[in-house]
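Subject: Structure handover

Hello,

Please find the structure for your files here. My notes on what was found in it follow.

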Amino acid sequence: MGRLAKIGVWFQEDSAMKRWQVGQNVFERYLEEILAHAGIPFELLGNWEALEAYAPDVLLVAHSDEHDRTLAKLRGFVEQGGTLISYAGLNRLAGSLGCKESAWREAVYADIPDTGTSADGIRLRALGAKPWQPIDSKESEPKHQSRGLLHKEHKDGEEAGPAYIEFAIGSGRLIRWNVNIPETVVMLQQGSTPVTSDGLPAPDGTGNLDEGILKADDRCELDWVLDRCATETGAAYYGVPYADLWREVLLAQLIREAAALGFPAAILDYWPEGIRQVAMISHDSDLNIDESAMITMDVLKEFGVKSTWCMIEPGYSKEVYDRIHAEGHELAFHFNALEKEKGVWSAEEFERQLAFIRSSTQAPVVSNKNHYTRYEGWGDLYRWCEAGGIESDQTRGPSKKGNIGFPFGTCHPYYPVAWADERNRMYNVLEIGFLTQDLDHATLADHSVIHPFLEQVSRVRGVAHFLFHQVHILQQPKVREALRQVINEAQKREFRFWTGEQITRWEQSRREARMRVDAEGNLSLESLPPGAVIRVSLLESGSAGGAGVERRFGYDFRLHTVQGSLHAETQS
């Protein structure tokens with residue numbers, strides 16, 4: 001196999017601390033989460049000694065000060081043959097690189113050429129830009145190439161500059177993105193600001209976010225007009241997982257740049273051997289009608305599917321719980337902070353309700369979804385989950401008919417990032433958002449969205465999470481049939497149905513695995529979960545085929561599967 005690419009992430013915590021102390025976010029720190037979820041080994045570097053000792057081939061800049069000494073050191077890294085990638089940072093270098101800096105605070109749409117990923121042909125929404133514009137000069141040094149194009153506010157809007165610029169400096173390359181990709185992913189997934197007020201309603205009346213109830217989708221950062229699609233029946237939905245595609249663009253470039261230096265990259269694949277993508281069914285018990293629970297389990301039993309049951313007070317009878325346990329479904333929490341039902345948004349009420357559900361269900365309860373997707377602030381819910389032993393949350397999904405699909409730009413499980421007051425740490429709560437609820441309900445979307453949802457989730461290999469309330473499965477036969485159709489269509493496309501707890505346990509086991517590329521470029525693997533799949537990129541993508549070679553992040557990868565062993569060696 002030879003030596004692998006050494007990937008470094010440059011993060012100067014002392015500089016970030018100054019930002020945090022004045023309340024500014026450093027969402028670029030999310031680069032760590034993007035790489036960790038992709039299963040790419042990297043070294044976090046924050047001082048010159050560590051940088052020089054590890055000598056990465058590709059260095060991603062998460063956060064850097066812009067002192068003269070720092071910029072000179074980073075430029076020196078490039079001159080000596082390294083590849084450095086910055087995401088809308090290093091702005092004091094603009095003049096010395098023959099560029100002028102500007103800023104565009106509104107949304108842009110990025111046309112990025114030839115990524116080799118699912119993003120090809122799609123103009124990706126970003127929430128602002130800090131463009132560098134090359135200054136025209138025949139004598140300009142260093143040599144540069146502009147790549148892609150940013151459009152202001154609209155997919156066909158006025159040009160705001162290239163998507164990124166490549167500079168040849170000495171023996172290496174500096175790539176400067178005009179979009180802050182990690183920050184864009186964070187704000188698409190979690191919003192640009194805390195939830196303190198209602199969101200803007202849909203102009204066509206399909207999304208009354210201004211109903212006076214604070215909820216997760218009040219901070220949806222997509223545009224009702226520009227970012228929605230419609231099915232043949234007219235069902236409107238957000239059809240593009242922008243955050244997932246931005247991740248793929250970032251990862252594809254990283255692997256491509258490593259290959260250009262002559263080094264393959266290693267990844268720990270998203271899912272275990274034999275699983276390409278995952279589907280999930282969850283339920284919110286709401287009115288707690290025993291009959292609705294029984295008929296829901298009857299439908300699930302037809303297909304051999306186990307689901308996640310989010311329980312709200314007062315819950316079901318013991319007979320129902322006994323059957324839920326016996327048939328292997330997950331019992332979860334449905335926190336109720338809806339004021340009209342006398343709910344309260346507080347840590348004390350979260351703790352009280354959770355204790356009641358654990359006692360009444362006689363289950364450990366490790367997952368939660370908030371009733372009506374109630375949400376306030378930024379990190380309150382995640383802190384309460386951490387304190388209460390809740391390890392995954394499902395609250396980030398659509399509350400309205402017209403904003404189903406990918407309102408938060410993702411179908412992947414991810415660890416959310418905290419606000420500046422907690423130094424932008426990652427919460428230890430896995431978020432598994434949902435796509436839609438209760439298809440073919442009399443007042444909600446119809447089943448025509450099933451195909452496009454499954455298609456998009458499959459393209460990015462995420463989780464197709466559908467919510468069905470038991471009461472609607474009981475009272476509306478069309479909803480019951482829609483549940484059957486979702487399961488049938490997903491199984492035909494080889495989705496594997498898992499509960500929220502199964503997804504969480506798998507992701508936890510992936511993150512606990514120790515994959516490291518040492519300073520000599522050798523890969524070491526420890527504590528890999530059974531069934532884990534290690535892949536190593538081929539330097540010439542498209543040069544090989546057949547068994548064991550699959551496409552990931554725009555590149556061909558050869559696999560090695562770890563079967564029931566905690567230690568393994570890769571194969572070339």
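Leaving aside residues up to four places away in sequence, Y87 touches L31, L60, V61, W177, V179, N180, I181, P182 and L250. The model is a predicted one, and everything below should be read as a description of that prediction. Y87 has its place in strand β4, which covers residues 83–87. Its relative accessibility is 3%, and because buried means under 20%, Y87 counts as buried. Y87 and D286 lie 199 residues apart along the chain, and 44 Å separates their C-alpha atoms.

Two of the residues that Y87 touches, I181 and L250, come up again in a helix pair. I181 belongs to the α5 side of the contact between α5 and α6, and L250 to the α6 side.

Helix α5 spans residues 181–190 and packs with α6 at an angle of about 160°, the two axes being 9 Å apart. Angles over 145 degrees count as roughly antiparallel, so α5 is roughly antiparallel to α6. The crossing of these two helices, α5 and α6, is left-handed. On the α5 side the contact is made by I181, T184, V185, L188 and Q189, which meet Y242, A243, W246, R247 and L250 in α6. Sorted by class, the contact of α5 with α6 holds seven nonpolar residues, two polar ones and one charged one.

Next, the sheet. Four strands form an open sheet in the order β7-β6-β10-β11, and their pairing is antiparallel. The edges are β7 (124–126) and β11 (159–161), each of which pairs on one side only. On average, and with direction ignored, neighbouring strands of this sheet are turned by 35° against each other. Helix α6, residues 242–260, packs on the sheet and touches β6 (108–111) and β7. The direction of α6 makes about 100° with that of β7. Helix α6 therefore takes part in two packings: with α5 and with the sheet.

At the other edge, strand β10 (residues 149–152) pairs with β11 in the antiparallel sense, over two bridges. Which residue of β11 is the bridge partner of H151? The partner is E159.

A second helix pair is formed by α7 and α13. Helix α7 covers residues 290–303 and packs with α13 at an angle of about 25°, with axes 10 Å apart. Angles under 35 degrees count as roughly parallel, so α7 is roughly parallel to α13. The crossing in which α7 passes α13 is right-handed. From α7, the contact involves I295, V299, L300, E302 and F303; from α13 it involves R480, L483, R484, I487, N488 and Q491. By class, the contact of α7 with α13 has six nonpolar, two polar and three charged residues.

One residue of α13 remains to be described. Helix α13 runs over residues 477–492, and V479 is found in it. Is V479 buried or exposed? With a relative accessibility of 0%, V479 counts as buried. Not counting residues up to four places away in sequence, V479 touches D438, L439, D440, H441, F468, H472 and I473. For F468, one of these, the separation along the chain from V479 is 11 residues, and the C-alpha atoms of the two are 8.0 Å apart.

Regards

How values were computed. Residues are numbered from 1 along each chain as its sequence is written. This is a predicted model: local features need pLDDT of at least 70, side-chain atom pairs count only at pLDDT 80 or more; totals for chains, interfaces and linings use all residues. Side-chain values use heavy atoms; hydrogens and water are left out. Two strands pair if DSSP finds at least two bridges between them. Axes are lines fitted to C-alpha atoms, for helices over the stretch in contact, and angles run from 0 to 180 degrees between N-to-C directions. Contact means heavy atoms within 4.5 Å. Angles under 35 degrees count as roughly parallel, over 145 as roughly antiparallel, 65 to 115 as roughly perpendicular and the rest as oblique. A crossing is left-handed if the near helix is turned anticlockwise from the far one by less than a right angle, and right-handed if clockwise. Ala, Val, Leu, Ile, Met, Phe, Trp, Tyr, Cys and Pro count as nonpolar, Asp, Glu, Lys and Arg as charged, and the others, Gly among them, as polar. Buried means under 20% relative accessible area, exposed over 50%, partly exposed in between (1.4 Å probe, protein chains only).
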